[in-house]
Amino acid sequence: MVGTTSGPRTAATPVSGARIQLFAAMVHDGNRSYWDAAFARRQWGGVPAPPALLMGWLIPPPWQPAEQGNARPASLALRVPLPGSTFINAANDCEFLRPILEGDVLTVVEELMSVSPEKRTRLGAGHFVQTLETYRRQDATVVATCRNTLFRFTPGDAR
């Protein structure tokens, strides 16, 4: 499956100034770009999204009305036919190429980059699965990429 890509997944809603400010308030981030729209327009062309919210823009709510029967697609890393009943996030490395601004609508495509041979760890025996997510805004410009490494394993199965 290495080299396999997911279909594009588009956020249900645009990047929101209210969510940007809520996030900044929760982490006590006083960055003027998140709080002063006039300043942000001069600096960035609009209110920028905090980098830590990148993946959050595409996470659907846990429930939506009229969603019956619409199963959410599993991450590509979880569709690889490997043993292992659980996973942990082992590494995450994101690169931001353009500012993500209030009003942008993001789409992501995930690519399976690698699967390690079986590794034995204190957690159990399993495999490291690395994916690359490419995020684009509505005009198809790539705004960010994110390499994610999951360790997929069966707890206590260190054999």
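I count two strands as paired if DSSP finds at least two bridges between them. With that in hand I turned to strand β5 of this predicted model.

**Entry 1, partners of β5.** I looked up strand β3 (residues 107–115) and found that eight bridges join it to β5, the two running antiparallel; within this pairing I noted Glu-111, which stands opposite Leu-132 in β5. Strand β4 (residues 119–120) also pairs with β5 in the antiparallel sense, over two bridges, and here Arg-120 stands opposite Ala-125. For strand β6 (residues 142–153) I read 11 bridges to β5, again antiparallel, with Gly-126 facing Phe-153 of β6 as one of the opposite pairs.

**Entry 2, the turns.** Between β4 and β5 I found a hairpin with four residues between the strands, and Gly-124 in its turn has a positive phi of about 150 degrees. The hairpin of β5 and β6 has five residues between its strands, and there Ala-140 takes a positive phi near 75 degrees.

**Entry 3, cover and His-127.** I checked how far β5 is covered and found nine of its 12 residues buried. I then picked His-127, which lies in this strand (residues 125–136), and asked myself whether it is buried or exposed. His-127 counts as buried because its relative accessible area is 11%, and the cut-off is under 20%. Its side chain reaches the backbone nitrogen of Glu-118 at 3.5 Å. Leaving aside residues up to four places away in sequence, I listed what His-127 touches, including Leu-82, Pro-83, Val-115, Leu-150 and Phe-151.

**Entry 4, elsewhere.** I also noted a nonpolar surface patch of about 310 Å², made by Leu-22, Met-26 and Val-27; Leu-22 sits in helix α1 (residues 17–26).

Key:
Residues numbered from 1 in each chain as written. Predicted model: local features only at pLDDT ≥ 70, side-chain atom pairs only at ≥ 80, totals over all residues. Heavy atoms only, no water. Buried < 20%, exposed > 50% of the residue type's maximum accessible area, 1.4 Å probe, protein only. Polar contact = N/O pair within 3.5 Å; in protein donor to acceptor, adjacent residues only side chain to side chain. Contact = heavy atoms within 4.5 Å. Patch = residues over 30% accessible without salt bridge, like charges linked within 9 Å, V, L, I, M, F, W, Y side chains within 5 Å. Areas by Shrake-Rupley, 256 points an atom, 1.4 Å probe, with all protein chains shown as cover. Salt bridge = Lys/Arg side-chain N within 4 Å of Asp/Glu carboxyl O.
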